[in-house]
Amino acid sequence: MALLLAIESSCDETAVAIVRGSAGNPTEVLASEISSQIELHREHGGVVPELASRNHSLHLRGLVENALEAAAVHMGEIDAFAATTGPGLASSLLVGSTAAKGMACVLGRPFLGINHLEGHLLSPFLGRTEVPPHVALIVSGGHTLLLDVEGPGRYRKLGGTRDDAAGEAYDKVGKMLGLTYPGGPEIEKAARAGDPQAYDFPRSMQHEANLDFSFSGLKTAVLYTVRKIQGELPVADLAASFQQAVIEILVHKALRAAKQTGRQVIALSGGVSLNLALRAALGNAAARAGLELAVAPPALCADNAAMIAFAALLRHLAGESTPLEGDIHPNLPLA
């Protein structure tokens, strides 16, 4: 059984996790520590890179110590170290990757640089004995991706966003509606009291042959609608109608991807996968099509180090490692 410690610091969450596992057996999360910066960045309406990196540096050591204590292991027992090396904010990525490399160097252990998106992609299967072939839909603040997955490390991009990611559109529309940052959870909350048919917002690229996404037109349609409204905004109806449009686009493209590839499993991951309406809609659509939907538990949907540790453990068990002189890659693609 291998013990692996991983650090996630790609944006505004500082996280450390320790996992244990071996080939053919479910990976066990022994510790998962997270320090959120949402309150810090809320007053600015978005993430400020300098503040994010400074706070990663302030909290990382304490999180490592807490993780070791929670897992009841000593640093010397760790078999490998990992960190997110991209994509993300350069100044934030450097904090986590430098720390993980330092621990690996001092103890003479392997280091693994992990793609943040691979962590999300694999997260629905943490705790299972294998990662089956599937179609992966990753929906987060910075990314909206569809991939054909043969297995760990074998990914083929099917489609992606041509402009705003779905989570970014949520944040921008939330700001238009006067909701606090981050907009995703606030829009979902407001939408529960609204009519999703109140406004007929566009479903951009829904019927095009490709599997790409575009949310800028939808965002602009909401903006023009808001400007035309006299008096108090019907926030609930606007939120519900916007959310319904996003969900219909995501579900339609995911089902089409499964049909084109012949995959029997769809995996949903990323921060936006916390949205209960999206989970229900995709789950119902998958069931009607005779497909399985795999979704990570809530604790693994937002940025966390357990998903990075799981991806790293799979690579470590396959005999892979990353040179210590390797650099970060803020714009690192997954496939």
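How many of the five residues of strand β9 (residues 265–269) are buried? In this predicted model, five of the five are buried, so β9 is largely enclosed by the rest of the structure. In a regular strand, side chains alternate between the two faces of the sheet. The residues of β9 can be listed by side. Val-265, Ala-267 and Ser-269 point one way. Ile-266 and Leu-268 point the other way. All of these residues are buried.

Strand β9 has pairing partners. One is strand β6 (residues 134–139), which pairs with β9 in the parallel sense. Four bridges make up this pairing. Within it, Leu-137 stands opposite Leu-268 of β9. Another partner is strand β10 (residues 292–295). The pairing of β9 with β10 is also parallel and also runs over four bridges. Here Ile-266 of β9 stands opposite Leu-293 of β10. Leu-268 and Ile-266, named in these pairings, point the same way from β9.

Strand β6 is buried too. Six of its six residues are buried, so β6 is largely enclosed by the rest of the structure. Both of its faces are covered. His-134, Ala-136 and Ile-138 lie on one side. Val-135, Leu-137 and Val-139 lie on the other. Leu-137, which faces Leu-268 across the β6–β9 pairing, is thus among the buried residues of β6.

Besides β9, strand β6 pairs with strand β7 (residues 144–151). These two strands run antiparallel and are joined by six bridges. The bridge partner of His-134 in β7 is Val-149. The connection between β6 and β7 is a hairpin of four residues. Strand β6 therefore has a parallel pairing with β9 and an antiparallel one with β7, and six of its six residues are buried, so it is largely enclosed.

Attention now turns to a pair of helices. Helix α2 (residues 49–71) packs with helix α3 (residues 90–107) at an angle of about 25°. Their axes are 8 Å apart. Because angles under 35 degrees count as roughly parallel, α2 is roughly parallel to α3. The crossing of the two helices is right-handed.

The contact draws on residues from both helices. From α2 come Pro-49, Ala-52, Ser-53, His-56, Ser-57, Leu-60 and Val-64. They meet Ser-91, Ser-92, Val-95, Gly-96, Ala-99 and Met-103 of α3. Seven residues of this contact are nonpolar and six are polar. No charged residue takes part in the contact of α2 with α3.

Definitions and conventions. Residues are numbered from 1 along each chain as its sequence is written. This is a predicted model: local features need pLDDT of at least 70, side-chain atom pairs count only at pLDDT 80 or more; totals for chains, interfaces and linings use all residues. Side-chain values use heavy atoms; hydrogens and water are left out. Axes are lines fitted to C-alpha atoms, for helices over the stretch in contact, and angles run from 0 to 180 degrees between N-to-C directions. Angles under 35 degrees count as roughly parallel, over 145 as roughly antiparallel, 65 to 115 as roughly perpendicular and the rest as oblique. A crossing is left-handed if the near helix is turned anticlockwise from the far one by less than a right angle, and right-handed if clockwise. Contact means heavy atoms within 4.5 Å. Ala, Val, Leu, Ile, Met, Phe, Trp, Tyr, Cys and Pro count as nonpolar, Asp, Glu, Lys and Arg as charged, and the others, Gly among them, as polar. Buried means under 20% relative accessible area, exposed over 50%, partly exposed in between (1.4 Å probe, protein chains only). Two strands pair if DSSP finds at least two bridges between them.
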